[in-house]
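This report looks at the pockets of one protein model and at the residues that line them. Please keep the sequence and the structure in view while reading.

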Amino acid sequence: MLTAHNLTRSFDDLTAVRNVTLSLAAGQLVALVGASGSGKSTLLNLLAGLLDADKGTIALNGQPVAGPKDRLVAGHPQIRVVHQEYQLMPNVSIRDNIAYALRYYERAYRDQRVNELLRLCRLEAVQHHKPRETSGGEKQRTAIARAIAEPARVLLLDEPFSHLDLPNRLLIRDVLIDLVRGTDSATNPGSGTACLFVTHDASDALSISDQIGLLQRGRLIQLDTPRRVYSQPKNAYAASLTGPINLIRGKHLPALGLPAVTNGDTEYGIRPEHIQIDPTGPVSGRVEGVFFQGRDTELLVRINRFVCLRVLTSQPDVAVGDEIRLRIVAKNLLTFS
Ligand code: ADP
Ligand code: MG
């Protein structure tokens, strides 16, 4: 439904977005992941028609989305954006911030719709507070409620989960899923919304999105399902964006009990959870670090002078200084194209 073709945008001599092509369908949740400065916000602003592209085209259901230089009012009426800074009106209540998005509707409908949104985004208790009297999570939810007040075709969210604690992340996650899948009938009569959200947290992206796009210095280097982006990363950087990864030069593979390769300088990847602690394993190492993470524990295991591995284990009884044996299954070795 929203398609972008070959988008490029530079600021002076810096190309913030380079040749990006993507499409977003109704009912689809797509995560955009990339390091800070990789062009995520710029891409979002281009897609929303808030920034002019130097090259490339954007269309919503076949109709071009014009940039600000070609329209009187910046932005497309069917595309909603929630910016990183929430941009709430400071002097009016949470309720009125949301109602403002519906100011052209009849009073009765507006009141009813605002009530629905307050309930959906769990904001009833703070509806009469000013933004400064609310928490970061409540402000974030207000910005989302405002963005979805009118049915929108496309919702673009810039880092909706940053600055939020876990309960708030989960809450916003559920609100988004309902919205996109069209299961919240009040918000979404008819089909679901298309949603693109920016995040630098891989776990948010992996857990809720249908597709993940990875940005590296303005380029969309991979766009695929969470499973494939995680298990078949395009390059070492892509692998590191979706989770911890051990990067190993080819010449060090035999020391890990893996077959030798011809080019010793080629880089390979192994996910920490793919390394097993096994008393009969072919590799021995010394534990240099133990980091408890709740369900699992991450270990730092020194194999030799050149190789130190991150290993994920559910075994609680490992201590710094222990000698342990490891096994790595060759099929779990990631190769990069
Ligand atoms: P991200 O959101 O991934 O952190 P941005 O899209 O904000 O990245 O920025 C990408 C690059 O473009 C950065 O190097 C940033 O400094 C630059 N940039 C973004 N907006 C502007 C602007 N208005 N003027 C000049 N440079 C900009
Ligand atoms: Mg940004």
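In this predicted model, the largest pocket has a lining of 28 residues, and those that lie nearest its centre are I79, R80, V81, A101 and R146. The space in this largest pocket comes to about 790 Å³. Three elements, namely β6 (79-82), α2 (94-100) and α4 (136-147), each supply at least two residues of the lining of the largest pocket, and among the contributors to that lining β6 gives the most, with four residues.

The second largest pocket holds about 410 Å³ of space. Its lining is made up of 14 residues, of which S203, Y230, P244, R295 and L312 are the closest to the centre of the second largest pocket. Here the helix α6, which spans residues 202-208, gives the most to the lining, with three residues. The lining of the second largest pocket also draws on two domains, with at least three residues from each of domain 1 (2-234) and domain 2 (246-336).

The table below sets out the make-up of each lining by residue class.

| Pocket | Nonpolar | Polar | Charged |
|---|---|---|---|
| Largest pocket | 17 residues | five residues | six residues |
| Second largest pocket | six residues | four residues | four residues |

Read by class, the lining of the largest pocket therefore includes 17 nonpolar residues, where Ala, Val, Leu, Ile, Met, Phe, Trp, Tyr, Cys and Pro count as nonpolar, while the lining of the second largest pocket has six nonpolar residues beside four polar and four charged ones.

Note on methods
Residues are numbered from 1 along each chain as its sequence is written. Chains are lettered from A and ligands numbered from 1 in the order in which they are written. This is a predicted model: local features need pLDDT of at least 70, side-chain atom pairs count only at pLDDT 80 or more; totals for chains, interfaces and linings use all residues. Side-chain values use heavy atoms; hydrogens and water are left out. On a 1 Å grid over the protein atoms alone, a cavity is a set of points where a 1.4 Å probe fits but cannot get out, and a pocket is an open set with protein on both sides within 12 Å along at least five of seven lines; lining residues have an atom within 4 Å of a point. Grid points are joined across faces, edges and corners, and a volume is the space filled by probe spheres set on the points. Domain bounds come from an automatic or database domain assignment.
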